[in-house]
Amino acid sequence: MIDFKTYMEKVNVHYEFLKKYYKSDDIASIYGVDKFEIRHSNVLQWILEPKGDEAIDYLPIRNLLKLIQEKNSYYEFFNLIDLTTARIDKVSIQREKYNIDMFITLKINNEDYAVIIENKLESSIHDNQLEVYKNKVQEIYPNHKKLYVFLSPGSNTE
């Protein structure tokens, strides 16, 4: 016969295991890669990059653009576009171009756009990082309309 104390210790061990198991936030945590910026960016690139010419292939990038519109009122020129019906094509997503985590060029209604995404998981912005990116992109893509996105699960902006 098991005494009450031993029983409670066993129950607690199982309870703690189950609590931890079911509180896993996402598959990245389960795989142990939730703190790896590059892997997050690689998965985002795979999701966002159109696989063909069908409308459904452009749905992920279209939804990202809608999210940028929804969350940022800074880009007045961009907020005027109806992204539900806009023609999006010539999507190119590059990783670590000019040291930028994700550099996306595309056409929206035949206008050139560049979307610059800085992906930060546990570190913060450092050494005028965003200003350097902004200057580089402006120098090389002066005629593109630019959207800058800081992607972070928290608010690490110090």
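The points below go through a predicted model, from its overall fold to its core, its second largest pocket and several loop residues.

1. Overall architecture. The protein chain contains six helices and four strands, and along the sequence these elements follow the order α-α-α-α-α-β-β-β-α-β. Of its 158 residues, 32% count as buried, while the exposed surface comes to about 11,100 Å², of which carbon and sulfur atoms supply 54%. If one takes the contacts between residues at least 6 apart in sequence, 54% of them join residues at least 24 apart.

2. The largest nonpolar core. This core has 23 residues, and those that touch the most other members are Ile 61, Leu 65, Phe 78, Ile 104, Leu 106, Ile 108 and Val 115. At least two residues each are supplied by helix H4 (59–71), strand E1 (88–97), strand E2 (100–108), E3 and E4, so that both a helix and strands contribute to this core. As a general matter, nonpolar side chains in soluble globular proteins tend to be buried together.

3. Ile 108 and its surroundings. With residues up to four places away in sequence left aside, Ile 108 is in contact with Leu 65, Phe 78, Ile 81, Leu 83, Ala 86, Arg 87, Ile 88 and Tyr 113. Two of these partners, Leu 65 and Phe 78, are listed with Ile 108 itself among the core residues that touch the most other members.

4. A second core. Separate from the core just described there is another of seven residues, which includes Ile 100, Tyr 133, Val 137 and Tyr 141. One of these residues, Tyr 133, also appears in the lining of the second largest pocket, which is taken up next.

5. The second largest pocket. This pocket holds about 160 Å³ of space, and the elements that give two or more residues to its lining are strand E3 (111–119), helix H6 (129–140) and strand E4 (145–151). The largest share, four residues, comes from H6. The lining consists of Ile 116, Ile 117, Glu 118, Leu 130, Glu 131, Tyr 133, Lys 134, Tyr 148, Val 149 and Phe 150; by class it has seven nonpolar and three charged residues, with no polar ones.

6. Positive phi at two asparagines. Which backbone values deserve a second look in the loop between E1 and E2? Asn 99, which is placed there, has a positive phi of about 65 degrees although it is not a glycine, and Asn 110, in the loop between E2 and E3, likewise has a positive phi, near 65 degrees. Most residues other than glycine have a negative phi. Asn 99 is exposed, with a relative accessible area of 55%, and Asn 110 is exposed as well, at 57%.

7. The loop between H6 and E4. Asn 143 and His 144 both lie in this loop, yet they fall into opposite classes of exposure: Asn 143 has a relative accessible area of 70% and is exposed, whereas His 144, at 18%, counts as buried because the limit for that class is under 20%. His 144 touches Thr 105, Asp 112, Tyr 113 and Ala 114, not counting residues up to four places away in sequence. Asn 143 is 31 residues from Asp 112 along the chain, and their C-alpha atoms are separated by 7.4 Å.

8. Lys 145 in strand E4. Lys 145 belongs to strand E4 and counts as partly exposed at 26% relative accessibility. Its contacts, again without residues up to four places away in sequence, are Phe 77, Glu 111, Asp 112, Tyr 113 and Ala 114. Between Lys 145 and Val 115, which are 30 residues apart in sequence, the C-alpha to C-alpha distance is 8.5 Å.

9. Tyr 75. Is Tyr 75, in the loop between H4 and helix H5 (76–79), buried or exposed? At 7% relative accessibility Tyr 75 counts as buried, and, with residues up to four places away in sequence not counted, Tyr 75 touches Lys 146, Leu 147 and Tyr 148. Tyr 75 and Lys 146 are 71 residues apart in sequence and 8.9 Å apart in space, C-alpha to C-alpha. Tyr 148, another of these contacts, is also one of the residues that line the second largest pocket.

Note on methods
Residues are numbered from 1 along each chain as its sequence is written. This is a predicted model: local features need pLDDT of at least 70, side-chain atom pairs count only at pLDDT 80 or more; totals for chains, interfaces and linings use all residues. Side-chain values use heavy atoms; hydrogens and water are left out. On a 1 Å grid over the protein atoms alone, a cavity is a set of points where a 1.4 Å probe fits but cannot get out, and a pocket is an open set with protein on both sides within 12 Å along at least five of seven lines; lining residues have an atom within 4 Å of a point. Grid points are joined across faces, edges and corners, and a volume is the space filled by probe spheres set on the points. Ala, Val, Leu, Ile, Met, Phe, Trp, Tyr, Cys and Pro count as nonpolar, Asp, Glu, Lys and Arg as charged, and the others, Gly among them, as polar. A nonpolar core is a set of buried Ala, Val, Leu, Ile, Met, Phe, Trp, Tyr and Cys residues joined through side-chain atoms within 4.5 Å. Buried means under 20% relative accessible area, exposed over 50%, partly exposed in between (1.4 Å probe, protein chains only). Contact means heavy atoms within 4.5 Å. Accessible areas come from the Shrake-Rupley method with a 1.4 Å probe; for residues, only the protein chains shown count as cover.
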